[in-house]
Amino acid sequence: MKRTTIKDLAEMLNISTSTVSRALKDHPDISSSVKLKVREAAETFNYVPNDFAINFRNKSSKVIGLIVPEISMFFLPSIINGISSILNKEGYRFFTLSSGDSYETEKEHIETCINSRVDGILISLTKETKDCRHLRKLIDMEIPVVIFDKTVPQDIFESVVFDNVKNSELSADRLIDHGCQNILSIFGDENLEITQSRLNSFETRIRQSPEIDLTIIFCKSADQVKEKLDLLLDERSFDGFFAMSDETLMGLHSSLIKRNLNNTNKKVMAISEGTLPKFLDETYEYQINDGHQMGSFAAKRLMEKLMTDTSKVSENSNQSHYL
């Protein structure tokens, strides 16, 4: 069915489009009888205001671009819920683009956001992204940006990240306090800054207890965790386990179940969004990385930028927030 426009209403009522427009806005120069006729026609023919055109005239699309490395069941849904809770309240919509952990695709998505006239961008960087040069043009175009979760060392854009040092050290302390002597620690993609940050903090704390034997492996997926543990757990015994994320925890849990090693005296620690461990095994302990909190905080920071003078986007915008 063809969408009814202001022009259609004007032709039906034999009046000008400007009169229709002002009548719909309850302009005082338009008589009550004309306003009534316009509103009745608009309701009868299901006229819906063109938000894009209205926002374009106001130099605002009321749309935010969300760029993420991948769409997965781990962590991202809670982040999106947090973002949505803030943007919806402020009258904004957003669309999500997945870069598939490709730097080139990430650059293409930034162009898509620009061409879509977004008001701002929330972005979690890919594992291939080494710097923020491709984001600099957004400063010139006065499009505010907030980087969240996965970032790179930079001093240009505001970022929202978890306190990886604190979470890793607290996880190590729990394993030490439990008396674990042989610990297997499972980390994600070793090329990511988040992995290196958690690894360095966790390993440094564990190495302070020289009597502890620490084994470290890197896995890019839950399936890869299972593959490596299928060999490792047949050869060695561990009394403590650390998983740096929900995805690595899923692979670890599957391997422990396979060998009936769960619900024993073995200690499992993880850094988690908080939902998964409760359903896997209630004995698992975790340091929570609240995705909803991260999403809502990042969205709030972006909204604050949009409410300030756009000429100040490039000033004092490199603050890092640790959750």
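Which helix is isoleucine 114 found in? Keep that one in mind while we take in the whole chain; what you have open is a predicted model.

**Whole chain.** Show everything as cartoon: the protein chain has 13 helices and 11 strands. Its radius of gyration is 26 Å, well over the 20 Å that the globule rule gives for 323 residues, so the chain is more spread out than a compact globule. Turn it along its principal axes and the C-alpha trace spans about 90 × 40 × 30 Å.

**Domains.** Now colour by domain. Select 6–49 for domain 1, 63–162 + 292–322 for domain 2, and 164–288 for domain 3. Put a distance between the C-alpha centres of domain 1 and domain 3, and you should get 65 Å.

**Surface and charges.** Switch on the surface: about 16600 Å² is accessible, and carbon and sulfur atoms account for 48% of that. Of the 323 residues, 47% count as buried. Next, pick out the charges, 39 positive and 48 negative; their mean positions lie 7 Å apart.

**Isoleucine 114.** Back to the opening question: select residues 103–115, which is helix α6, and you'll find isoleucine 114 there. Is isoleucine 114 buried or exposed? Its relative accessible area is 12%, and the cut-off for buried is under 20%, so isoleucine 114 is buried. Show side chains for Lys137, Leu138, Met141 and Ile143: leaving aside neighbours within four places in sequence, these are the contacts of isoleucine 114. Last stop, glycine 65: this residue is 49 residues from isoleucine 114 along the chain, with 9.0 Å between their C-alpha atoms.

Methods:
Residues are numbered from 1 along each chain as its sequence is written. This is a predicted model: local features need pLDDT of at least 70, side-chain atom pairs count only at pLDDT 80 or more; totals for chains, interfaces and linings use all residues. Side-chain values use heavy atoms; hydrogens and water are left out. Domain bounds come from an automatic or database domain assignment. Helices (H or I, at least four residues) and strands (E, at least two) are DSSP runs, numbered from the N terminus. The radius of gyration is taken over C-alpha atoms; the globule rule is 2.2 Å times the number of residues to the power 0.38. Buried means under 20% relative accessible area, exposed over 50%, partly exposed in between (1.4 Å probe, protein chains only). Accessible areas come from the Shrake-Rupley method with a 1.4 Å probe; for residues, only the protein chains shown count as cover. Lys and Arg count as positive and Asp and Glu as negative; His and the chain ends are not counted. The place of a charge is taken as NZ of Lys, CZ of Arg, CG of Asp or CD of Glu. Contact means heavy atoms within 4.5 Å.
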